[in-house]
Amino acid sequence: MRFGIDGIMKHANISIFVPHKGCPNNCSFCNQKAISGQTVPATEKDVFAAVNTALAYNCDPKNTEIAFFGGSFTAIEREQMVSLLTAAKCLLDKYGFEGIRVSTRPDFIDDEVLSVLKKYGVTSIELGAQSMDDEVLRLNTRGHTAEDVRRASGLIKKHGFSLGLQMMTGLYGSDFEKDYFTAREIIALRPDTVRIYPTVVLKNTYLATLFEKGEYLPPNAEETAPFAARLLTEFQNDGIKVIKLGLHSSEAVESDMVAGAYHPAFREMCEGYIFLEKIEEKLKLKDKKRQYTVFVPKKSLSKAKGLNKRNEKALKNQGYYCKIKGNEFLDGFEIEVEEINDIKVAYNAGL
Ligand code: SF4
């Protein structure tokens with residue numbers, strides 16, 4: 001049994017993986033074994049064990065959700081689904097957890113199953129939308145349409161659940177224009193949270209076959225990061241929280257991946273691009289003959305400098321003489337620029 005505890009300090013999930021079991025599909029990218037690192041389905045006992053371990057690590061139940069990830073939760077046998085939910089509800093009532101989160105497919109959502117989820121204390125439902133382009137969905141054998149995503153999202157909101165939507169970039173038959181369209185369609189559905197997964201091609205999948213035949217070449221992490229940074233900004237500007245950007249790093253994924261946009265610090269890469277763009281914007285009217293200090297939020301200093309200090313190097317290549325420093329009073333992507341002396345760089349050899 002494998003489970004995870006993410007983010008002990010603030011919001012946390014006790015993640016229980018329910019792999020492929022019950023899923024009638026075979027999506028082009030899916031290798032649940034590689035993603036969740038297990039093949040044996042979770043049981044009631046696993047739910048108790050995962051929660052007890054999290055409690056032993058001092059997780060704060062008020063800020064923690066019990067989360068069923070990794071498969072199509074509402075598509076598994078009803079008996080197993082109810083047994084997992086019964087265990088989760090018992091723990092929810094006993095310890096006062098924040099809620100129960102499940103992830104599932106849009107075509108396995110209806111009024112009846114939502115009533116069952118409600119009865120057992122589920123608070124958040126995430127749908128794997130992946131694309132809002134019907135042709136991309138068809139090419140990747142998703143087995144549902146964009147309209148299914150719209151319909152399921154509406155029902156989830158109508159029943160009062162928190163709605164999460166997951167999208168992928170770089171799927172077979174897609175491109176950044178289609179992926180951008182997907183993001184805008186998702187924004188229009190007003191989810192509470194979003195996860196963005198750039199496609200990673202895993203062994204033993206249809207995408208791996210296409211890749212091996214030379215019929216599909218997904219963008220890699222370097223190619224995807226600037227685009228994903230743009231999506232992150234769009235979602236944030238629309239008040240939608242992006243709770244995941246990039247596939248969770250794990251040994252299973254690293255050993256099974258054959259191509260695609262994987263980087264263990266993918267979100268940091270993307271946030272680095274956002275910082276670079278914002279710093280460039282602040283500096284663009286500044287005199288390149290002078291030297292500046294660029295202040296960024298202290299906790300984001302390494303992201304603002306970029307992986308391997310690439311942002312500092314990029315600014316230098318553009319002719320800016322600046323140092324990037326942390327400031328504890330700044331937050332998010334706030335940036336302040338200060339001229340640090342009035343001596344022109346041209347007269348200041350060595351700067
Ligand atoms: S619906 Fe989910 S679990 Fe089923 S094949 Fe597709 S990605 Fe895998």
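In the predicted model, strand E11 (residues 291-297) is joined to E13 by 4 bridges, and the two strands run antiparallel. Within this pairing, Thr 293 stands opposite Glu 338 in E13. The two strands belong to an open sheet of 3 strands, in which the order is E12-E11-E13 and the pairing is mixed. Strand E12 (321-327) and strand E13 (336-339) occupy the edges of this sheet, and because each has a single partner strand, one side of each is left without a neighbour in the sheet. On average, and with direction ignored, neighbouring strands of this sheet are turned by 25° against each other. As a general matter, strands of a sheet pair through backbone hydrogen bonds, in either a parallel or an antiparallel arrangement.

At the level of the whole protein chain, the assignment divides the model into domain 1 (3-264) and domain 2 (278-347). The centres of domain 1 and domain 2, taken over C-alpha atoms, are separated by 37 Å.

A further set of pairings involves strand E3 (residues 64-69), which is mostly covered, with 6 of its 6 residues buried. Strand E2 (residues 12-17) runs parallel to E3 and is joined to it by 6 bridges; here Ile 16 stands opposite Phe 68 in E3. E3 also pairs with strand E4 (residues 99-104), again in the parallel sense, over 4 bridges, and in this case Ala 67 stands opposite Arg 101 in E4. In a regular strand the side chains alternate between the two faces of the sheet. For E3, both faces are covered, since Thr 64, Ile 66 and Phe 68 on one side are buried, as are Glu 65, Ala 67 and Phe 69 on the other. Phe 68 and Ala 67, whose opposite residues are given above, thus lie on opposite sides of the strand, and both are buried.

The surroundings of one helical residue were also examined. Arg 151 is found in helix H6, which spans residues 146-158. This residue has 16 C-beta neighbours inside 10 Å and therefore counts as partly exposed, given that a residue is classed as buried with 20 or more such neighbours and as exposed with 12 or fewer. Along the sequence, Arg 151 and Ala 129 are 22 residues apart, while in space their C-alpha atoms are 11 Å apart.

Conventions: Residues numbered from 1 in each chain as written. Predicted model: local features only at pLDDT ≥ 70, side-chain atom pairs only at ≥ 80, totals over all residues. Pairing = 2+ DSSP bridges. Domains from an automatic or database assignment. Axes fitted to C-alpha atoms, helices over the stretch in contact; angles between N-to-C directions.
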